[in-house]
Amino acid sequence: MIKWKINNNVISEIYYKNQNILRPWGFETADSSAFFSLEKNVGWRYKKLLEEYEFDKTTNKAHIITQMKEGKWELFVNDELRENIVTRKVEAITLEDSYFMDFVLRYRFKKEFIEYAKIADKIYYHNNTNVYYQYPANKVFLKGKGFDINISIEDSIVPDKMQPVMYVRDNNDEWVVHIRMIPKKWDKEVIKICTRWAETRPLPQKLSNLLLKWKWLREQLWYRGERKPYKCRLFRRFVNPCAFGMVKIEKNSKLMWKAKMEINEK
């Protein structure tokens with residue numbers, strides 16, 4: 001049986017055999033300018049108009065209304081712990097036409113407890129590449145030291161303009177797993193300066209449109225930080241330009257993930 005701790009609105013720790021194997025989990029989404037995270041004090045350029053939280057030893061719930069730079073939506077979060085299984089559900093209802101870059105359930109695990117990750121029948125070892133090994137998959141397997149972790153999509157509501165994917169990422173001292181919706185038919189393209197100091201600010205839309213007409217540059221920037229991070233550390237830290245597609249989801253639409261994480265002893 002596993003135990004959890006809830007802190008800063010998210011599952012922050014899970015103890016297996018008295019050892020915390022996690023970094024904080026959460027939910028996140030973004031538009032062209034704003035970045036929302038369920039985790040307290042994370043994100044930028046959004047405003048919570050309503051927030052209600054409730055948690056105990058086996059449940060973690062949230063009800064939030066958020067005004068983004070390019071949209072407004074109501075969010076319902078419901079996490080449940082039963083023995084060695086954590087079930088997570090997150091649902092958003094758009095309260096006005098809203099732009100989305102993605103819609104993500106986030107999992108993080110300490111590197112020291114995981115030997116390798118498997119997704120779409122491909123095995124990855126931790127080499128700190130920070131590459132998003134992303135596929136149209138519905139499950140991820142993590143080989144732990146003395147245990148296995150299975151993360152699977154149980155149910156979803158995905159708008160027609162978006163597609164469901166999962167990825168694993170070997171970043172610094174952790175493994176990151178995302179269950180993610182991304183645009184398959186976007187309504188606009190933006191270039192963002194993806195640095196901490198810039199808080200992932202977009203270039204003016206007219207400038208993004210102009211630059212992305214240059215085919216070579218578009219190919220270089222398109223989801224660059226996810227598929228091929230820049231090698232120069234200073235360039236990544238102070239510039240780090242990346243281009244993304246944005247999809248506009250109509251008012252009164254739903255986006256939903258329901259997923260399960262199960263730990264099995266070996």
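Which residue lies over the face of Tyr-99? In this predicted model, the residue over that ring is Lys-188, at 4.5 Å from the ring centre. A second placement of this kind involves Arg-218, which lies over the face of Trp-222 at 4.3 Å from the ring centre.

Aromatic side chains also meet one another. A search of the whole structure returned 18 aromatic pairs. One of them joins Tyr-16 and Phe-147, whose rings are 4.8 Å apart centre to centre, with 50° between the planes, a tilted arrangement. The two residues belong to distant parts of the chain: Tyr-16 is in strand β2 (residues 10–16) and Phe-147 is in strand β17 (residues 147–157), a separation of 131 residues. Tyr-16 has a relative accessible area of 11% and is therefore buried. Phe-147, with a relative accessible area of 3%, is buried as well.

The pair formed by Tyr-223 and Phe-244 has its ring centres 5.1 Å apart and its planes at 80°, so the geometry is edge-to-face. This pair, too, links distant parts of the chain, with Tyr-223 in the loop between α2 (215–221) and α3 (224–227) and Phe-244 in strand β22 (residues 241–249), 21 residues apart. Both Tyr-223 and Phe-244 are buried. Elsewhere, a single aromatic cluster is formed by Phe-27, Phe-36, Tyr-46, Trp-73, Phe-100 and Phe-103.

Tyr-223 also stands out by its backbone. Most residues other than glycine have a negative phi. Tyr-223, although not a glycine, has a positive phi of about 50°, and its relative accessible area is 11%. Asn-240 is a further non-glycine residue with a positive phi, in this case about 45°. Asn-240 is placed in the loop between α4 (233–238) and β22, and at 12% relative accessibility Asn-240 counts as buried.

Positive phi values were also found in the turns of the N-terminal strands. Strands β1 and β2 form a hairpin with two residues between them, and Asn-8 in the turn has a positive phi of about 55°. Strands β2 and β3 likewise form a hairpin with two residues between them; there, Lys-17 in the turn has a positive phi of about 55°.

These three strands make up an open sheet in the order β1-β2-β3, with antiparallel pairing. The edges are occupied by β1 (3–7) and β3 (19–20), each of which has a single partner strand, so one side of each is left without a neighbour in the sheet. Strands of a sheet pair through backbone hydrogen bonds. Five bridges join β1 to β2, and Trp-4 has Ile-14 of β2 as its bridge partner. The antiparallel pairing of β2 with β3 rests on two bridges. Tyr-16, the residue that pairs with Phe-147, stands opposite Gln-19 in β3. Five of the seven residues of β2 are buried, so β2 is largely enclosed by the rest of the structure.

The largest nonpolar core contains 58 residues, of which Tyr-107, Phe-109, Ile-149 and Met-261 touch the most other members. Strand β23 (residues 254–265) supplies the largest share of this core, five residues. With residues up to four places away in sequence left out, Tyr-107 touches Trp-25, Arg-88, Ile-151, Trp-175, Val-176, Val-177, Ile-179, Ala-259 and Met-261. A second, separate core consists of 16 residues, including Ile-191, Leu-221, Tyr-230 and Met-246.

Thr-29 provides an example of a polar side chain in enclosed surroundings: this residue lies in strand β4 (residues 26–30) and, at 1% relative accessibility, counts as buried. The side chain of Thr-29 reaches the backbone oxygen of Asp-102 at 2.5 Å. Apart from neighbours within four places in sequence, Thr-29 is in contact with Ala-34, Phe-35, Phe-36, Met-68, Trp-73, Phe-100, Asp-102 and Phe-103. Among these contacts, Phe-36, Trp-73, Phe-100 and Phe-103 belong to the aromatic cluster described above.

How values were computed
Residues are numbered from 1 along each chain as its sequence is written. This is a predicted model: local features need pLDDT of at least 70, side-chain atom pairs count only at pLDDT 80 or more; totals for chains, interfaces and linings use all residues. Side-chain values use heavy atoms; hydrogens and water are left out. Rings of Phe, Tyr and Trp (its six-membered ring) pair if their centres lie within 6.5 Å; planes under 30 degrees apart count as stacked, over 60 as edge-to-face and the rest as tilted. Helices (H or I, at least four residues) and strands (E, at least two) are DSSP runs, numbered from the N terminus. Buried means under 20% relative accessible area, exposed over 50%, partly exposed in between (1.4 Å probe, protein chains only). A charge sits over a ring if NZ of Lys or CZ of Arg is within 6 Å of the ring centre and within 35 degrees of the ring normal. Two strands pair if DSSP finds at least two bridges between them. A nonpolar core is a set of buried Ala, Val, Leu, Ile, Met, Phe, Trp, Tyr and Cys residues joined through side-chain atoms within 4.5 Å. Contact means heavy atoms within 4.5 Å. A polar contact is a pair of N or O atoms within 3.5 Å; within protein, one must be able to donate a hydrogen and the other to accept it, and residues adjacent in sequence count only if both atoms are side-chain atoms.
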